[in-house]
Amino acid sequence: MIDDRQLEILINDVFEYQGFDFSGYSRASLKRRVDRIYQLDGFKNFYDFLSKAKSDTNYFKRMVEEITVNVTEMFRDPHFYKILRDEIIPQLATKPFIRIWHAGCSSGEEVFSMAILLKEANLLQKSLIYATDINPIVLDTAKKGIFPLRMMKQYSENYIESGGKLDFSEYYIANYGYAKFGDDLLAKMVYSQHNLVSDSSFNEFDLILCRNVMIYFDKDLQERALNLFDDSLAKLGYLALGTKETIKFSTIQKRYVQLNKDKIWKKMQ
C-alpha cells in the first residue's frame with residue numbers, strides 16, 4: 001500500500017517524466033487503483049515502482065491501462081437507451097448529418113449499442129460516431145468489434161429491455177467463443193486517443209455521451225471536461241452523463257435544460 005505523500009510524488013513525477021497529468025483525478029479513486037496495480041505486480045518498495053513508472057514506457061502504458069479502465073457493457077442501463085431510442089434519436093433524425101461523440105468509450109460496447117440504435121432507426125448511413133479514450137489498449141479492442149460470446153446473453157437482455165425488437169444475434173457472428181459484430185456498424189465509427197484532461201475540442205457534435213468517466217475526476221477537472229463538451233456541442237445538441245454525474249453547479253449549467261432523470265441535457269444557447 002502507498003501513502004498519500006507517495007501518491008503525490010507519483011503524480012508529480014509521472015507528469016514530469018511521462019507528460020501524463022493525473023492531478024485532477026479523485027485522490028481516493030486514484031489511490032485505490034494505484035494500490036491495486038502496486039500489489040498486482042508484486043512491488044515491495046515504492047521507489048522501485050516509481051522508477052519503473054518513470055523510465056519504462058511499456059510499463060507506464062500498462063499502469064495507465066489499469067488505472068483508467070472502465071467497466072462497461074452493451075446497452076448498459078437499458079432505460080437510458082430506451083430514452084435515446086424513443087426521444088433523442090427521433091430529434092437527431094431531422095438533421096442532414098448526425099455526429100456523435102462517445103468520450104471515454106473504453107472497449108467500445110456502448111459505441112456499438114449506439115450504432116445499433118441508429119441502424120434500427122435507418123439513420124446509420126448518415127451518421128458518424130467518434131469514439132475516444134485515453135487508453136490505447138482498450139481502443140484496440142474496440143476497433144476490432146470482437147467481444148466474448150459469454151456476454152451476449154446479458155447484452156441481449158439489455159437490448160430487449162431497451163426496446164430492441166430483433167434477435168440480437170443478427171448483429172454478430174459467433175466464432176471460437178467470441179462474437180464479431182458487423183462491419184456495417186464499424187464503418188461508421190472513428191476511434192482515436194483523446195485525453196479529457198489536456199486535449200481540446202475537435203469537432204461539433206449533435207450528441208455527446210460521457211458516462212461514468214467524470215466520477216473519477218475532482219471538481220476542477222469535471223468543470224474542465226464539461227466546458228470541453230460545451231465547446232464541442234452544437235446548439236440544441238444533447239449531453240448524456242452517467243447516473244452519478246451532473247452539470248449542476250457548473251459554469252455551463254445556465255445554457256442547458258435537463259430533459260429527464262436519466263442525465264440527458266439539451267443545450268439551449
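Is tyrosine 171 buried or exposed? I will start there and then go through the rest of the chain. Tyrosine 171 is buried, with a relative accessible area of 7%. Please keep in mind throughout that this is a predicted model.

Tyrosine 171 has a ring partner. It forms an aromatic pair with phenylalanine 168, with 6.2 Å from centre to centre and 55° between the planes, and the pair is tilted. Phenylalanine 168 is buried too, at a relative accessible area of 1%. Both rings belong to a cluster linked by ring pairs. The other members of that cluster are Phe75, Phe80, Tyr81, Phe112, Phe147, Tyr159, Tyr172 and Phe181.

Now the chain as a whole. The secondary structure comes to 10 helices and 10 strands. The radius of gyration is 19 Å, close to the 18 Å that the globule rule gives for 269 residues, so the chain is as compact as a globular protein of that length. Along the principal axes, the C-alpha trace spans about 55 × 50 × 30 Å.

Of the 269 residues, 54% are buried. As for contacts between residues at least 6 apart in sequence, 75% of them join residues at least 24 apart. The exposed surface is about 12800 Å², and carbon and sulfur atoms supply 52% of that area. On charge, there are 37 positive and 37 negative side chains, and the centres of the two sets lie 3 Å apart.

Back to the rings. How many aromatic pairs does the structure hold? There are 29 aromatic pairs. One of them joins tryptophan 101 and phenylalanine 205. Their ring centres are 5.5 Å apart and the planes meet at 35°; an angle from 30 to 60 degrees is neither stacked nor edge-to-face, so this pair is tilted. The pair links distant parts of the chain, since tryptophan 101 sits in strand E1, residues 98-103, and phenylalanine 205 in strand E7, residues 205-210, with the two positions 104 residues apart. Both residues are buried.

Staying in strand E1, the next residue to look at is isoleucine 100. Its relative accessibility is 0%, so isoleucine 100 counts as buried. Which residues does isoleucine 100 contact, leaving aside neighbours within four places in sequence? They are Leu92, Met114, Leu118, Leu128, Ile129, Tyr130, Phe205, Leu207 and Leu209. Phe205 on that list is the ring partner of tryptophan 101. For Leu209, the C-alpha atoms of isoleucine 100 and leucine 209 are separated by 7.9 Å, while the two residues are 109 apart along the chain.

As a contrast, take another isoleucine. Isoleucine 173 is found in strand E4, residues 172-175. With a relative accessible area of 60%, isoleucine 173 is exposed. Not counting residues up to four places away in sequence, isoleucine 173 touches Tyr178, Ala179 and Lys180. Its C-alpha lies 16 Å from that of alanine 115, a residue 58 places away along the chain.

Next, two loop positions with unusual backbone angles. Most residues other than glycine have a negative phi. Aspartate 77 has a positive phi, near 60°. It is found in the loop between helix H4, residues 57-68, and helix H5, residues 78-92. Is aspartate 77 buried, partly exposed or exposed? At a relative accessible area of 30%, aspartate 77 is partly exposed.

The second position is asparagine 122, where phi is again positive and near 60°. Asparagine 122 is placed in the loop between helix H6, residues 109-120, and strand E2, residues 127-133. The relative accessibility of asparagine 122 is 58%, and the residue counts as exposed.

One last loop. Where is lysine 261 placed? It is in the loop between strand E9, residues 256-260, and strand E10, residues 264-267. Lysine 261 counts as exposed, at 67% relative accessibility. From C-alpha to C-alpha, lysine 261 is 9.5 Å from phenylalanine 80, and the two are 181 residues apart in sequence. Phenylalanine 80 brings us back to the ring cluster, of which it is a member, along with the tyrosine 171 of the opening question.

Notes: Residues numbered from 1 in each chain as written. Predicted model: local features only at pLDDT ≥ 70, side-chain atom pairs only at ≥ 80, totals over all residues. Heavy atoms only, no water. Helix = DSSP H or I, 4+ residues; strand = E, 2+ residues; numbered from the N terminus. Rg over C-alpha atoms; globule rule 2.2 N^0.38 Å. Buried < 20%, exposed > 50% of the residue type's maximum accessible area, 1.4 Å probe, protein only. Contact = heavy atoms within 4.5 Å. Areas by Shrake-Rupley, 256 points an atom, 1.4 Å probe, with all protein chains shown as cover. Lys, Arg positive; Asp, Glu negative; His and termini not counted. Charge placed at Lys NZ, Arg CZ, Asp CG, Glu CD. Phe/Tyr/Trp six-rings, centres within 6.5 Å; stacked < 30°, edge-to-face > 60°.
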